[in-house]
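Got your viewer open? Grab the selection tool and let's take a walk through this one together.

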Amino acid sequence: MLVMIAENDGLHRSFARRTVEQLWPGDVEVIEAGDGEDAINLAAERQPPHVVLDLQLPKATGIEVARAIWSRRAGTHILFWSNFADEAYVRGVARIVPPGSVYGYVLKSATEEGMRSALRGVFREGHCIIDREIRGIQHRVQDRFEGITDGEYESLIDIALGLTDRAIAARRGLSIRGAQSRIKHVYDKLGIVPPEEGAGEASVFNSRTRAIYLAMARGLINVDALRREQEQLDAWLAQATPPQDQ
């Protein structure tokens, strides 16, 4: 049994190794990566069928590592292990899981027995094991009245990246009115009253920057998500913008 642990914190990495080796004494080989790039390269070289993966890694995020692993071997069982229950991570994981894949999402605040149960369930029994707090976020994401839809999330990201309504419309294949309608839905779900529609407190805030703050406070977006999205925006701009004369 080959298990890769991708974790940049030495104490957490040692804990994960010890837990894995105690669960399957004499029947497991553990390999380690301390950052995202090492994890991608080591996984490509050794093809581990089981992976414990921190979501916050330097050089490449856990989501980027998982995407690279699953692109080569969709049957890999991945246990995401994180300090954070941000909706940005939950949504990011959901967007890359191949159909029928086995994975887990456990918080580092879980007990040692909770970690053991997750490892057994995902690696040996082939079950998807999701922390209770994460399940609650998944349900919120799927709730069409409370949750931000994928289209609305795209608009929220575009706002955070600083795009104008016209640029959002062009990037997402919408009319300007359609882009503005999506943004209005985001405001509604975040409880933002545009200045032109309200008085008092509503006139204090800039709606776009207020939306960014509330989204970050709720965990809808975070720095890792914005960095990934900026890379995608750069690729879009390179294709959409005519090259400039030198």
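How are helix 7 and helix 11 oriented to each other? Before you look, keep in mind that this is a predicted model. Now select residues 223-240, which make up helix 11, and add residues 150-160 for helix 7. The angle between this pair is about 85°, and their axes are 10 Å apart. Angles from 65 to 115 degrees count as roughly perpendicular, so helix 7 and helix 11 are roughly perpendicular to each other.

Next, show the side chains where they touch. On helix 7, pick Y153, I157 and A160; they meet A225, L226 and E229 of helix 11. Colour this contact by class and you'll get 5 nonpolar residues, no polar ones and 1 charged.

Keep helix 7 on screen and swap the partner: select residues 165-172, which is helix 8. Here the packing angle is about 135°, with the axes 10 Å apart. That angle makes helix 7 and helix 8 oblique to each other, and helix 7 passes helix 8 in a right-handed crossing. To see who is touching whom, click E154, S155, D158 and I159 on helix 7, then I168, R171 and R172 on helix 8. What classes do the residues of this contact fall into? They split into 2 nonpolar, 1 polar and 4 charged.

Time to move to another part of the chain. Select residues 36-46 for helix 2 and 62-72 for helix 3. These two pack at an angle of about 10°, and their axes are 9 Å apart. Angles under 35 degrees count as roughly parallel, so helix 2 and helix 3 are roughly parallel to each other. Their contact uses G36, A39, I40, A43 and A44 from helix 2, together with E64, V65, A68, I69 and R72 from helix 3. By class, that contact has 7 nonpolar, 1 polar and 2 charged residues.

Stay with this pair for the last stop. How many cavities of 30 Å³ or more does a search of the whole structure find? The search turns up 1, and the largest cavity has a volume of about 50 Å³. To find the largest cavity, select its lining: A43, A44, Q47, P48, I69, R72, R73 and T76. Helix 2 and helix 3 each supply at least two residues of that lining. Colour the lining by class too, and you'll see 4 nonpolar, 2 polar and 2 charged residues.

Note on methods: Residues numbered from 1 in each chain as written. Predicted model: local features only at pLDDT ≥ 70, side-chain atom pairs only at ≥ 80, totals over all residues. Heavy atoms only, no water. Axes fitted to C-alpha atoms, helices over the stretch in contact; angles between N-to-C directions. Helix = DSSP H or I, 4+ residues; strand = E, 2+ residues; numbered from the N terminus. Parallel < 35°, antiparallel > 145°, perpendicular 65-115°, else oblique. Left-handed = near helix turned anticlockwise from the far one by under 90°. Contact = heavy atoms within 4.5 Å. Nonpolar A, V, L, I, M, F, W, Y, C, P; charged D, E, K, R; others polar. 1 Å grid on protein atoms, 1.4 Å probe; cavity = no way out; pocket = protein on both sides within 12 Å on 5 of 7 lines; lining within 4 Å. Points joined across faces, edges and corners; volume = space filled by probe spheres on them.
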